[in-house]
Amino acid sequence: LAKDLAERVEGLVGPKGIAKRIKELEKDMSREEVAFEIAAEIASQESKETGAKLEAEKQAFADQGLRTALAILTEGVVAAPLEGISGVKIKSNSDGSKYVAVYFAGPIRSAGGTAAALAVLIGDYIRIAQGHDRYKPTDDEIERYVEELGIPENDAALLVKYRKVAEFFESASEGTANPRTAANFIIGQIFRTIENESAKEEFNILVSAEDLKELILMLDSKKIRMNLAKATLDKMLETGKKVSELISEKDMGGLDEAAARKLCQEAVEKNPNAVADYKNGKEKAIKAMVGYVMKNSRGKADAVAAENIIKELIK
């Protein structure tokens with residue numbers, strides 16, 4: 001049995017003999033620093049190969065470096081380095097430069113948010129250690145989003161600006177009725193939870209592309225309304241839960257007219273100040289009452305219809 005972190009890491013993902021080097025670095029470095037150093041050392045090791053064999057070996061080094069570093073970060077006790085990462089590839093930009101592409105099987109929930117985020121940082125550290133460039137979207141990629149998928153040009157530029165975002169969008173929108181729905185969720189909601197440009201490059205979120213697609217397909221089939229979809233996505237981003245964990249059969253479908261009217265009546269009765277403001281010409285005051293209806297219907301009500309009913313009741 002492995003006696004310590006170094007031996008657990010070697011036993012879980014290797015490479016053979018790495019335990020000794022980890023122990024040496026642990027004397028003067030934090031666990032995070034050891035992970036980054038090990039990743040760089042594995043990724044940048046020399047090879048006697050040439051041509052295609054050299055490229056294949058560098059890719060293998062990058063893959064090994066990332067898995068070993070992630071195993072160090074997760075203390076060698078979870079399956080994330082084996083199951084969470086489906087692969088690491090060295091790919092080419094249109095100008096001939098290379099970039100590192102890290103493929104995740106899904107959110108690395110078992111590793112925790114911090115380790116999952118650091119996995120992406122390590123991937124970029126490996127890129128630098130091997131002397132590769134960043135991913136560079138082409139004009140054709142942007143143009144395809146605009147012409148074939150109907151994405152506004154500014155939105156298309158944002159999606160392809162970040163390689164991981166572009167890959168996420170491609171997977172989430174595939175097979176849906178309108179790719180713009182996925183684009184709007186990414187730019188309008190997901191980006192709002194990401195602090196800066198660097199974090200968008202990393203694009204480490206708790207929602208997988210398949211999770212988002214499942215939500216969009218429910219919208220496409222009219223099982224849920226947009227209000228509920230948006231609220232559900234917010235919860236998914238916060239908790240990492242799947243759609244099936246947040247939306248039940250009772251949540252699907254719309255609200256019948258009688259139930260909607262009852263909620264609108266409650267909204268009017270419980271918001272006398274908003275009613276008074278609306279009657280005094282402050283049209284935005286009605287939003288508070290519509291909000292009451294949407295909240296208490298769990299997003300099942302039609303916001304436009306609710307607003308019309310409330311206006312009718314106030315008159």
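**Exercise 1: Confidence along the chain**

Task: In this predicted model, find which helix has the lowest confidence and which has the highest.

Solution:
- Start at the low end: helix 5 (residues 80–84) has the lowest confidence, with a mean of 61.
- Now the high end: helix 2 (residues 18–26) comes out highest, at 95.
- For the whole picture, the protein chain averages a pLDDT of 85, and 90% of the residues score at least 70.
- Keep an eye on residues 108–112, where the pLDDT is below 50. Beyond near neighbours in sequence, that stretch has twelve contacts in the model.

**Exercise 2: Two helices that cross**

Task: Work out how helix 8 is oriented relative to helix 9, and list the residues that make the contact.

Solution:
- Look at the axes of helix 8 (residues 153–161) and helix 9 (residues 163–173): they come within 5 Å and cross at roughly 110 degrees.
- Angles of 65 to 115 degrees count as roughly perpendicular, so helix 8 is roughly perpendicular to helix 9.
- On the helix 8 side, the contact uses Leu-159, Val-160 and Lys-161. Helix 9 brings in Arg-163, Val-165, Ala-166 and Phe-169.
- Sort them by class and you get five nonpolar, no polar and two charged residues.

**Exercise 3: Helix 17 and what comes after**

Task: Identify the buried residues of helix 17 and what covers them, then look at Ser-297.

Solution:
- The buried residues of helix 17 are Ile-286, Met-289, Val-290, Tyr-292, Val-293 and Met-294.
- Their cover includes helix 13 (226–239), helix 15 (257–270), helix 16 (272–279) and helix 18.
- Step on to Ser-297, which sits in the loop between helix 17 (286–296) and helix 18 (303–314).
- Buried means under 20% relative accessible area; Ser-297 has 6%, so Ser-297 is buried.
- Check its side chain too: a polar atom there lies 3.3 Å from the backbone oxygen of Met-294.
- Arg-298, which follows helix 17, has a positive phi, near 55 degrees.

**Exercise 4: Unusual backbone spots**

Task: Are Phe-203 and Lys-222 buried or exposed, and where does the chain have a cis peptide bond?

Solution:
- Most residues other than glycine have a negative phi, and most peptide bonds are trans.
- Phe-203, in the loop between helix 11 (197–202) and helix 12 (209–220), has a positive phi of about 45 degrees. With a relative accessible area of 8%, Phe-203 is buried.
- Lys-222, in the loop between helix 12 and helix 13, has a positive phi of about 65 degrees. Lys-222 is exposed, at 69% relative accessible area.
- The cis bond runs from Gly-14 to Pro-15, with omega near 0 degrees. You'll find Pro-15 in the loop between helix 1 (5–12) and helix 2.

Notes: Residues are numbered from 1 along each chain as its sequence is written. This is a predicted model: local features need pLDDT of at least 70, side-chain atom pairs count only at pLDDT 80 or more; totals for chains, interfaces and linings use all residues. Side-chain values use heavy atoms; hydrogens and water are left out. Helices (H or I, at least four residues) and strands (E, at least two) are DSSP runs, numbered from the N terminus. Buried means under 20% relative accessible area, exposed over 50%, partly exposed in between (1.4 Å probe, protein chains only). A polar contact is a pair of N or O atoms within 3.5 Å; within protein, one must be able to donate a hydrogen and the other to accept it, and residues adjacent in sequence count only if both atoms are side-chain atoms. Axes are lines fitted to C-alpha atoms, for helices over the stretch in contact, and angles run from 0 to 180 degrees between N-to-C directions. Angles under 35 degrees count as roughly parallel, over 145 as roughly antiparallel, 65 to 115 as roughly perpendicular and the rest as oblique. Contact means heavy atoms within 4.5 Å. Ala, Val, Leu, Ile, Met, Phe, Trp, Tyr, Cys and Pro count as nonpolar, Asp, Glu, Lys and Arg as charged, and the others, Gly among them, as polar. pLDDT is the predictor's confidence in each residue, from 0 to 100.
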